[in-house]
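Dear colleague,

I am passing on a structure that I have been going through, and below it you will find notes on what turned up. Please read them with the coordinates open.

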Amino acid sequence: MLAGADVALVGLFSAQDNEFGAKLDLLATAVEAHGGRVVSRHVQRRGVSRGGVDKMTTPFSRRTLLSPGKAREVADACQASGVGVAVFANPLTEHQRAVLNEMFDCLVISNEDLFVGPEVRPADVPASSRPD
């Protein structure tokens, strides 16, 4: 799934999380261990704006996890760079994956996919490529 792919790292982090850079570095190491090449990093901080402190650990959107503006910014960057896979530092729901796959025009996975379970889920593989 990641072998030879250009990869964008994406993360939503609390404004109180001072280790977000180290977390992205760890994710980059995992991506490289799976044969991917990290070409960009995109971070959205939660809680830095007035009123955001109370919502610091919640997603901006149930559809995309990120704010609409940040999601569009990352999508544009992924498309411009020809990114094949976007790896989120955060867990994603199946609905978020589907929305982001379409918006980013590339495969979107979570860090959890790199550390546990099968590397490619059946839903990620086109029906024409699945073994009988």
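**Helix α3 and its surroundings**

The buried residues of helix α3 pack against α2 (68-81), β3 (85-88), β4 (107-110) and α4 (111-115). Please keep in mind throughout that this is a predicted model. The residues of α3 (94-104) that count as buried are Gln96, Arg97, Val99, Leu100 and Phe104, and one of them, Arg97, also takes part in a salt bridge, to which I return below.

**Overall layout**

The protein chain has four helices and four strands, and along the sequence these follow the pattern β-α-β-α-β-α-β-α. Of its 132 residues, 42% count as buried, while the accessible surface comes to about 7,300 Å², with 52% of that area belonging to carbon and sulfur atoms. If one takes the contacts between residues at least 6 apart in sequence, 63% of them join residues at least 24 apart.

**Strand pairing and crossovers**

Strand β1 (residues 6-14) pairs with β2 (37-46) in the parallel sense, over nine bridges, and within this pairing alanine 8 has serine 40 of β2 as its bridge partner. Between these two strands the chain passes through helix α1 (residues 20-33), and the resulting β-α-β crossover is right-handed.

A parallel pairing is also found between β3 and β4, here over four bridges, with serine 110 in β4 as the bridge partner of phenylalanine 88. The connection from β3 to β4 runs through α3, and this β-α-β crossover is right-handed.

**Salt bridges**

The structure holds seven salt bridges, of which I describe three, including one between strands.

Aspartate 6 forms a salt bridge with arginine 37, where the closest N and O atoms are 2.9 Å apart. Because aspartate 6 lies in strand β1 and arginine 37 in strand β2, the pair ties together parts that are 31 residues apart in sequence. Aspartate 6 itself is partly exposed, at a relative accessible area of 22%.

In helix α2, the side chains of lysine 70 and glutamate 73 meet in a salt bridge, with an N to O distance of 3.2 Å. The two residues are separated by about one helical turn, because they stand three residues apart in that helix. Lysine 70 counts as buried, at 17% relative accessibility, whereas glutamate 73 counts as partly exposed, at 44%.

In helix α3, arginine 97 forms a salt bridge with glutamate 94, and the closest N and O atoms are 3.7 Å apart. These residues, too, lie three apart in their helix, which is about one turn. Arginine 97 is buried, with a relative accessible area of 5%, while glutamate 94 counts as exposed, at 52%. Salt bridges that share partners join Glu94, Arg97 and Asp113 into one network.

**Residues with positive phi**

Most residues other than glycine have a negative phi, and two exceptions deserve a look in the model.

Leucine 65 has a phi near 70°, a positive value in a residue other than glycine. Leucine 65 is found in the loop between β2 and α2, and at 6% relative accessibility it counts as buried.

Aspartate 105, which is likewise not a glycine, has a positive phi near 60°. Aspartate 105 follows α3 and lies in the loop between α3 and β4. Is aspartate 105 buried or exposed? With a relative accessible area of 60%, aspartate 105 is exposed.

**Cysteines**

How many disulfides does a search of the whole structure find? The search finds zero. Cysteine 78 is in no disulfide, and the nearest cysteine sulfur to it, that of cysteine 106, is 4.7 Å away. Because a disulfide requires the two sulfur atoms to be within 2.5 Å, the separation of 4.7 Å between cysteine 78 and cysteine 106 does not qualify. Both residues are buried: cysteine 78 counts as such at 1% relative accessibility, and cysteine 106 has a relative accessible area of 9%.

With kind regards

Key. Residues numbered from 1 in each chain as written. Predicted model: local features only at pLDDT ≥ 70, side-chain atom pairs only at ≥ 80, totals over all residues. Heavy atoms only, no water. Buried < 20%, exposed > 50% of the residue type's maximum accessible area, 1.4 Å probe, protein only. Contact = heavy atoms within 4.5 Å. Pairing = 2+ DSSP bridges. Right-handed = clockwise from strand over helix to strand, strands pointing away. Areas by Shrake-Rupley, 256 points an atom, 1.4 Å probe, with all protein chains shown as cover. Salt bridge = Lys/Arg side-chain N within 4 Å of Asp/Glu carboxyl O.
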